[in-house]
Amino acid sequence: MHQARQHAHQHAQTRIRERRHRLAHEAARLIAESGIRDYHQAKLKAAERLGIFDDASLPRNREIEDALREYQRLFQRDNLGGLRQRREAALRAMEFFAEFEPRLVGPVLDGTADARSPVALHLYSDDPDAVPRFLAQHRIPAEARERRLRLDRERSLDAPVWLFSAEELSFDLSVLPLDVLRQAPLSSIDEKPMKRASAAQLRQLLADEEISEFERG
């Protein structure tokens, strides 16, 4: 009797794992093909399409991100040139905004960027007018927005955001207080401090990629 219960439990766990896998891959396909950037929305849409409605089968955002990388590697290899183009443009932008201690974040850094992904930078200043003043001085027309970022489990911040286009790419600048440089805000994907890279780290990433491409070729 105990053995039968154990077997049924294992069978149920296997089915949940399979459903999570299917849902993660369907959500990844939706993100890759339709440009949905909200993982939660993609997850629910995938569940609706596959007719899977139990919460235990819903994959974590990190599982969806892994599935998205796999999907892009298999079906969107032409994205790789666009990713490098965005990373190189990000480095030029970071050199341009050097006085604001820029950090690259988001899909361009983590490698899941597609043709719709902006180059997302965090800039740091305690003067809220410094970045718009800098943009105006350099005659860069930018659209103002606001974004809520979670600094830790208790604290959130409404950060000014500036959007502009250059080199036929979109740039997304979030302006944060200097003390946030010490610890990155939480990622909306896994609620851990988000990955971010300084100009030096991005330069190293580009150099490492070039070496590995040369070795492969």
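Of the contacts in the chain between residues at least 6 apart in sequence, what percentage join residues at least 24 apart? The answer here is 61%. Keep that one in mind while we walk through the fold. And a caveat up front: this is a predicted model.

Okay, the overview. We have one chain of 217 residues, and 42% of them count as buried. Along the principal axes, the C-alpha atoms fill a box of roughly 75 × 50 × 30 Å. In there you'll find seven helices and five strands. Reading from the N terminus, the elements go α-α-α-α-β-α-β-α-β-β-β-α.

Let's go to the sheet. It's an open one, built from five strands in the order E1-E2-E5-E4-E3, with mixed pairing. At the edges stand E1, residues 103-105, and E3, residues 143-150; each has a single partner strand, so one side of each has no neighbour in the sheet. From one strand to the next, the twist averages 35 degrees.

What packs on this sheet? Helix H6, residues 130-137, does, and the strands it touches are E2, E4 and E5. The direction of H6 makes about 10 degrees with that of E4.

Now, my favourite strand, E2, which covers residues 119-124. On one side, E2 runs antiparallel to E1, joined by three bridges. With E5, on the other hand, E2 pairs in the parallel sense, over six bridges. Have a look at Leu121: it is the bridge partner of Leu104 from E1, and its bridge partner in E5 is Leu173.

So how many residues of E2 are buried? Six of the six, so the strand is largely enclosed by the rest of the structure. As a reminder, in a regular strand the side chains alternate between the two faces of the sheet. In E2 both faces are covered: Val119, Leu121 and Leu123 are buried on one side, and Ala120, His122 and Tyr124 are buried on the other.

Next up, aromatics. The structure holds six aromatic pairs. The one I'd zoom in on is Phe97 with Phe164, a tilted pair at 6.3 Å centre to centre, with 55 degrees between the planes. These two come from distant parts of the chain, 67 residues apart: Phe97 sits in the loop between helix H4 and E1, while Phe164 belongs to strand E4.

Buried or exposed, then, for Phe97? Buried, with a relative accessible area of 1%. Phe164 counts as buried as well, at 9% relative accessibility. And the pair has company, since one aromatic cluster takes in Phe96, Phe97, Phe100, Phe134, Phe164 and Phe171.

Last stop, the pockets. Rolling a probe the size of a water molecule over the atoms shows where empty space is left. The largest pocket comes out at about 1100 Å³. It is lined by 36 residues, and the ones nearest its centre are Gly106, Pro107, Ser188, Ile189 and Met194.

Which element gives the largest share of that lining? That would be E3, with four residues. Remember, E3 is one of the strands at the edges of the sheet. Helices H2, H3 and H5 each supply at least two lining residues, and so do E2, E3 and E5. E2 therefore turns up again: six of its six residues are buried, and it supplies at least two residues of the pocket lining.

That's the tour, thanks everyone.

Conventions
Residues numbered from 1 in each chain as written. Predicted model: local features only at pLDDT ≥ 70, side-chain atom pairs only at ≥ 80, totals over all residues. Heavy atoms only, no water. Pairing = 2+ DSSP bridges. Axes fitted to C-alpha atoms, helices over the stretch in contact; angles between N-to-C directions. Contact = heavy atoms within 4.5 Å. Phe/Tyr/Trp six-rings, centres within 6.5 Å; stacked < 30°, edge-to-face > 60°. Buried < 20%, exposed > 50% of the residue type's maximum accessible area, 1.4 Å probe, protein only. 1 Å grid on protein atoms, 1.4 Å probe; cavity = no way out; pocket = protein on both sides within 12 Å on 5 of 7 lines; lining within 4 Å. Points joined across faces, edges and corners; volume = space filled by probe spheres on them.
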